[in-house]
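Reader: I should be grateful for a close look at a single part of this model, namely one strand and its pairing partners. Please add a short account of a pocket elsewhere if there is room.

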Amino acid sequence: MPTDNLSSLQQKGQEFEQSLPHTEAPFASRAWGHRFHSLCSYQGKLKPALAHWMVRHFTCEGDYVLDPLGGVGTVALEAGLLGRTPFTSDLSPFASTVARAKVAPPNASDLNADFAAFRRELEAVELSDTDFESAKFGLNASVEEYYHSNTLKQVLQAKRLLSGSELSGPRNFIKAALLHILHGNRPYALSRTSHPITPFSPTGAYEFRCLVERLETRLHRLMALEWPQDFVAGQSWHSDFRNLSKLLPSPVDAIVCSPPFPGMRFDRPNWLRMWFCGWDANDFHQKSRAFLERQQGRTFEVYKDFFEMCSEVTKPGSPVILHVGGSKGYDMASRLVSLATPYLKHCGTVTEAVDHIENHGIKDKGTTTSHILLLFERI
C-alpha cells in the first residue's frame, strides 16, 4: 500500500516493525533501564526496553498514558520517565503495591521519617497463634520453611503492620521494597536460598537475617538513584480494569498494555509475595478466578469487556497498543482483533520472533514463539 494512503498509526507500526528499536544497542542489553524497574522482581514482567519503545514510539510527551493490566508498572514507569502522565491498574495486591511505589515514589525526607516510625511500630506488634498458623501455608514449601524462626517473627510482624492497600505513599514504598527481599538467592534476601523471581523450595542452613537492617539498606540504595528532571508521577490502583472509568480523572490519550499470554498465571509463581499481601489458600482458588489470565483460559470473550473499557476511557482517535503472544497452539492476535471491532479500528500488526528472549534461570519458557503488537485506534 502506498505510504500516502496509510494512517499515522499504520505508518508508525511499519516503522517499528522495520527497526524493532528495542532489539538494538543499548536497549537489547538485559540490564537496560532505570534501576527502579528492579524495585521488586516479578514473574512475567514486560521487558523495560520494549515498554520504553512502545510508549516512546506510539505516544507523545504530555500524554495521559494508561496501562489497565499494568502488573508491577513497567509501562507506567517508562511513561513517567518519558514525560507522560502514567496511570496503571492491576487486580493483584502484590503487583499494584509495586506499581504504586514506582509511579509515585516518596521523597527521601518523608520516607526516612516513615521508616523510623515503622521500626518503632514493628517492635510493638504482638503476634497470635493465627499469625504463626498462616506461615504453614505454601505452594513449593511452607512459608515457615523459608526463614529462621527469629526472621519469621519479623516477617509476620511486618505482614500485620503492612496489611491492606490503604497505606500512605511512604509506607506503601516500604512494603514494595520488603516484597523484593522476601525471598531469593542474593545476600540481601531474608530467606534461605531460593530463586529471586519464583520462590522455589528453599535450601541451605537456617540463618537469622534481620528484616529491619536489610530493608533499611535496600531503601537507602533506592533513594540514592537519580531521576530525570522531567519525570512525571502518576497513579496506580488495586482494581479490576472494569472499574477504571470511575477511577480515572479524565479520558486518556493512549493505552499501552501487555495482556497476559495464554497459559500464564501470575498468582502462583508469585505466591510468597501474594501471601505477604494477605492471600491465603482459599484466595488462590477463589479470588484468582477474577484475574483476566484465568478468565481467558475459558474464553477470549472476556476481552469484550476489556475493549469496551478501552473505548470508554480514551479520547476519539487515541491509539491502543497491545503486546500479545503468538504461538502455534493458539492465535490470540486474530481473536483479539475480531473482538475489538465494535470499539476500536485495527490499524496494523507488528510481529517479532522471540527465540532470543532470556529465560532468567527458569527452564520452561512456555509455548510463545513470537511477540505481537496490535495497533488500534479508538473509533
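Author: In this predicted model, strand β5, residues 319-326, pairs with β7 in the antiparallel sense, and eight bridges join the two. One position along this pairing can be given by name: L322 has L374 of β7 as its bridge partner. Strand β7 itself covers residues 370-378. Strand β6, residues 344-353, also pairs with β7 in the antiparallel sense, here over nine bridges. Within β7, the residue that stands opposite G348 is L375. The strand β7 thus has antiparallel pairings with β5 and with β6. As to exposure, β7 is mostly covered, with eight of its nine residues buried. In general, the side chains of a regular strand alternate between the two faces of the sheet.

The pocket may be described in turn. The second largest pocket holds about 150 Å³ of space. Two elements, α4 (93-103) and β3 (235-238), each give two or more residues to its lining. The largest contribution is that of α4, which supplies four residues. Residues of the lining include P93, S96, T97 and R100, as well as S236, W237 and H238. Also among the lining residues are S165, E166, L167 and N172. Sorted by class, the lining of this pocket comprises six polar, three nonpolar and two charged residues.

Technical notes:
Residues numbered from 1 in each chain as written. Predicted model: local features only at pLDDT ≥ 70, side-chain atom pairs only at ≥ 80, totals over all residues. Heavy atoms only, no water. 1 Å grid on protein atoms, 1.4 Å probe; cavity = no way out; pocket = protein on both sides within 12 Å on 5 of 7 lines; lining within 4 Å. Points joined across faces, edges and corners; volume = space filled by probe spheres on them. Nonpolar A, V, L, I, M, F, W, Y, C, P; charged D, E, K, R; others polar. Buried < 20%, exposed > 50% of the residue type's maximum accessible area, 1.4 Å probe, protein only. Pairing = 2+ DSSP bridges.
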